Amino acid sequence: MRFNRILLSSALVVVALVIQVSVLARLHLPGAVPDLLLLTVLGLAMVYGHVGGALVGFGAGLLADLAPPADHAAGRYALVLCVVGYFAGLIKPENGRLKSATGPMAVVVAAAIGSTLLYACVGALVGDTAARHVGLPGLLFSAALYDLLLAPFVVPGIMWLARRSDNDPLTETGPAAKAGDISSGWLSSGTGLRIGSQRGGLGALKAKARTRSTRVGRIKGVKRL
């Protein structure tokens with residue numbers, strides 16, 4: 001991942017985690033808690049792709065595992081968000097822009113249900129049976145509902161910030177460089193000349209112009225004599 005992606009992802013994950021712990025977790029809503037960290041990972045994954053989504057998800061989940069008041073084994077939520085970020089990044093379009101909101105909303109619902117199920121399965125493997133006592137169907141419904149209601153206010157903004165950071169003109173491999181390559185290819189196909197050899201062609205034209213001017217000067221000098 002490029003430096004601007006790492007910097008933006010780290011800042012967004014930290015802000016989302018602080019809001020998650022200090023505000024959303026204290027609302028005491030029935031069922032699950034709105035997962036702002038999950039929505040942040042989804043928004044970044046749908047712009048950065050499956051590899052970037054997996055890396056962001058793992059880092060965000062590990063930070064959530066270590067942040068108080070975490071009461072589960074470290075690495076449990078990191079595994080969940082890593083898997084969710086990977087699969088969410090698979091729907092990334094080529095230009096990083098989504099044509100409709102249907103796809104992202106479906107991804108949010110699937111991620112909310114899938115992350116809750118995966119978290120409960122991993123907990124069952126390590127001996128944590130809290131999901132059984134709370135009621136897994138209620139958790140799945142409330143998690144999908146809360147995340148779906150919160151997603152329109154979070155995911156589009158996250159995706160916009162991620163695309164804006166990728167459009168930084170200082171980056172060498174960003175869309176600006178690609179646009180330069182496209183324009184170069186368009187010029188070369190339209191004129192029949194290679195862009196790389198244009199400097200040499202311009203130099204040759206200048207040399208010919210100079211020789212012509214010297215010849216004209218000599219001819220004029222002969223006529224004056």
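A disulfide is taken here as a pair of cysteine sulfur atoms within 2.5 Å. The model is predicted, so that local features need pLDDT of at least 70 and side-chain atom pairs count only at pLDDT 80 or more, while totals for chains, interfaces and linings use all residues. Residues are numbered from 1 along each chain as its sequence is written, and side-chain values use heavy atoms, with hydrogens and water left out.

**View 1. Cysteines Cys-82 and Cys-121**. Zero disulfides are found in a search of the whole structure. Cys-82 is partly exposed at 23% relative accessible area (buried is under 20%, exposed over 50%, partly exposed in between; 1.4 Å probe, protein chains only), and Cys-121 is also partly exposed, at 46%.

**View 2. The loop between H1 and H2, with His-28**. His-28, which is not a glycine, has a positive phi of about 55°, although most residues other than glycine have a negative phi. With a relative accessibility of 71%, His-28 counts as exposed. Leu-29 lies in the loop between helix H1 (3–22) and helix H2 (36–66) (helices being DSSP runs of H or I, at least four residues, numbered from the N terminus), and is partly exposed at 36%.

**View 3. Surroundings of Leu-42**. Leaving aside residues up to four places away in sequence, Leu-42 touches Val-84, Ala-88, Val-107, Val-108 and Ala-111 (contact means heavy atoms within 4.5 Å). Leu-37 and Leu-42 touch the most other members of the largest nonpolar core, which has 35 residues (buried Ala, Val, Leu, Ile, Met, Phe, Trp, Tyr and Cys joined through side-chain atoms within 4.5 Å). H2 gives the largest share of this core, 14 residues.

How values were computed. Helices (H or I, at least four residues) and strands (E, at least two) are DSSP runs, numbered from the N terminus.
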